Amino acid sequence: MIVDQIWTGNAYRNFNYLIACDESGEALAVDPLDHEKCLARAQARGWRITQVLNTHEHFDHTGGNAAIVAATGAKLLAHANAKDSIPGLDRGLRAHDVIKVGRTVELEALDTPGHTMAHVCLLSHTDTPALFCGDTLFNAGAGNCHHGGHPAELYATFAHQLARLPDTTLIYPGHDYIVNNLNFTLAREPDNARAQSVLGAVREQDPNAALVSTLALEKEINTFFRLHSPSVIATLREACPDLPEQPDARTVFLKLRELRNSW
Ligand SMILES: [Zn+2]
Ligand SMILES: [Zn+2]
């Protein structure tokens with residue numbers, strides 16, 4: 001499996017992806033909003049885009065579908081429940097469906113509601129797993145729930161699915177928000193030395209060669225995985241005096257998501 005992360009350079013800071021089989025040269029394009037860049041990259045690599053997958057129905061993820069399909073004849077895949085919101089869907093995905101790319105690549109669809117209620121993440125079946133997580137999980141952050149999502153579902157997705165993946169899992173999110181998100185982590189947990197050092201490393205990074213984090217790193221720098229951290233809880237209790245001394249993880253997550261909305 002070869003993964004190309006494509007930086008769009010747009011105002012929304014989207015990342016697009018090509019996932020290719022190194023034997024057949026067939027490729028799957030994930031959320032290829034910048035269709036020109038994705039087609040050019042595939043051509044430069046000698047790849048043929050045979051499938052397009054949308055992690056969810058928002059336009060900054062689906063906006064390139066028509067152009068890619070017109071240019072390549074690729075099949076369009078997304079969550080089965082996105083059939084009314086994504087035109088031209090060829091294959092509706094359900095939890096644990098497997099997507100094959102060429103002869104060597106297998107990707108598993110995870111049903112990951114929260115940012116929207118028709119959101120899939122892709123988990124590769126490789127020695128080192130890779131997670132293509134759209135707007136559910138970002139580097140050092142979590143998706144918002146403003147446009148068709150629910151914070152409680154997002155918590156369940158984090159706690160019951162994402163947090164249980166192997167620590168070595170590589171994280172490929174739908175946007176480059178890492179600097180803002182690390183600043184939020186540090187606002188909530190000022191003594192997080194790891195977040196401070198990663199912020200120093202990525203502040204001036206070229207998004208064309210962005211840091212690819214792992215789940216292990218996310219558990220250190222992503223507030224939404226740090227629900228038992230004493231300093232996260234202490235600063236949260238300052239902001240929300242009604243919180244009990246030992247709030248449960250779900251309550252902490254929901255309060256953090258709420259604070260992030262107005263941060
Ligand atoms: Zn979105
Ligand atoms: Zn997005």
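This passage describes a zinc site, a sheet and several salt bridges in a predicted model. Residues are numbered from 1 along each chain as its sequence is written, and chains are lettered from A and ligands numbered from 1 in the order in which they are written. In this predicted model, local features need pLDDT of at least 70, side-chain atom pairs count only at pLDDT 80 or more, and totals for chains, interfaces and linings use all residues; side-chain values use heavy atoms, with hydrogens and water left out.

The zinc ion (ligand 1) is held by four donor residues, His 56 (NE2), His 58 (ND1), His 115 (NE2) and Asp 135 (OD), at 2.1 to 2.3 Å. Donors are N, O and S atoms within 2.8 Å of the metal (3.2 Å for Na, K and Ca); water is not among the atoms, so sites may look incomplete. The angles between the four donor atoms run from 91 to 168°, which makes the arrangement irregular. Four donors count as tetrahedral if all angles lie between 85 and 135 degrees; four count as square planar and six as octahedral if opposite donors are over 155 degrees apart and all others between 65 and 115, and anything else is irregular. Asp 135 also coordinates the zinc ion (ligand 2), which lies 3.5 Å from the zinc ion (ligand 1). His 58 lies in the loop between strand E4 (48-53) and helix H2 (59-62), and His 115 in the loop between strand E8 (105-111) and strand E9 (120-124), so the pair ties together parts that are 57 residues apart in sequence. Helices (H or I, at least four residues) and strands (E, at least two) are DSSP runs, numbered from the N terminus. His 58 is buried at 16% relative accessibility, and His 115 is buried at 4%. Buried means under 20% relative accessible area, exposed over 50%, and partly exposed in between (1.4 Å probe, protein chains only).

Six strands form an open sheet in the order E7-E8-E9-E10-E13-E14, with mixed pairing. Strands pair if DSSP finds at least two bridges between them. The edge strands, E7 (98-101) and E14 (213-214), each pair on one side only.

Eight salt bridges are found in the whole structure, each a side-chain nitrogen of Lys or Arg within 4 Å of a carboxyl oxygen of Asp or Glu. One of them joins Arg 13 and Asp 176 (2.7 Å, N to O). Arg 13 is partly exposed, at 34%, whereas Asp 176 is buried, at 7%.
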